[in-house]
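Thanks for coming. Please have a look at the model on the screen, and I will talk you through the strands.

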Amino acid sequence: MLSIQKKFIKVALALGFLFILFFPIYANAQEQSIQHQIRESQSGETVKLRKGEYKESIVIDKPIHLVGDENVTLIQKGSNPTITINSNNVKIENFNIKHLDTGSKSPAIFINGDNNYLKNIQIDTNSYGIQLDEANYNILSYLNISGDENELIKNRQHGIDLWKSHYNIIHDTTIDHVQDGIYIERSNEIKVYNSTFAALNRQVYLDIVRQTRNPLLKF
C-alpha cells in the first residue's frame, strides 16, 4: 500500500512539474495588464509586450519605451483614450489599436508631452485617431489610421488633431475614412511628408485664422 502511495506521489509531482514548465508563460501574459507593467517599470526602461489582445486603456506618465511583439492588440470600448501619454520622451512601437468611443469623442491616442515617438501603429477608430494638446517636438511615423467608413464624412472626427502643438513631424503615414486627415490649429512649424490620404474631406486643414504658421507639407 505504501509503495502505491509513493508511486502516486511521484506521478503527481512529475505532472505538476510539467504543468509549471509549460504553462506559466501564457498564464502570466494573460494575468499581467499593460498598466501594471507600466506601473512597475522604471524611467528609461523598455517594456516588451507579448502578442495577444489586451482589453484596457493605459496611461503613461513616465519616459519609457513600450514595444509590442508581433500581433499585440489593445482594445478599448468606452469614453477614455486607449493610450494617454502625459510624459516626455515616451516611445511606442508595434501596436494595433481598436478604439470604440461611446460618445465623448475621445481619441485613440492622446498626447500631452514633448519629444515622444510613435512608430508602426495601426489605429481603427470611430473617433479621433491621435490628438496632440500642447505637445511639442513629437515624431509620428509609419502609422495607419482608419476611421468609420460607414459613417458620413461630416460626422467623423479627424485622423490627427493638433492644438497648440509645435515642431511636430508626421511622416510615412496613411489616413483614411476620417473627416480631415490632419487638422492643425494654433500649431506652428508642423512637417508632414511621405503620407497618403483617402476617403475623407481634406487631406490637411490649416487654421490660418488661429495663428498656424510655417507648415511644411510634402505628400
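Two strands pair if DSSP finds at least two bridges between them. Strands here are DSSP runs of E with at least two residues, helices are runs of H or I with at least four, and both are numbered from the N terminus. This is a predicted model, in which local features need pLDDT of at least 70, side-chain atom pairs count only at pLDDT 80 or more, and totals for chains, interfaces and linings use all residues. Residues are numbered from 1 along each chain as its sequence is written, and side-chain values use heavy atoms, with hydrogens and water left out.

The protein chain has 3 helices and 19 strands. Of its 219 residues, 42% are buried, meaning under 20% relative accessible area with a 1.4 Å probe, protein chains only.

Now the sheet. It is open, with 7 strands in the order 3-6-8-10-12-15-18 and parallel pairing. Strand 3 (58-60) and strand 18 (202-207) are the edges, each pairing on one side only. On average, neighbouring strands of this sheet are turned by 10° against each other, direction ignored; the axes are lines fitted to C-alpha atoms, and angles run from 0 to 180 degrees between N-to-C directions.

Which residue in strand 18 is the bridge partner of Y183? That partner is Y205. Strand 15 (residues 180-185) is joined to strand 18 by 5 bridges.

On to strand 12 (residues 160-163), which pairs with strand 10 (residues 130-133) over 4 bridges. I160 in strand 12 stands opposite I130, and I160 also stands opposite I182 in strand 15. Strands 12 and 15 run parallel, joined by 4 bridges.

Technical notes. Buried means under 20% relative accessible area, exposed over 50%, partly exposed in between (1.4 Å probe, protein chains only).
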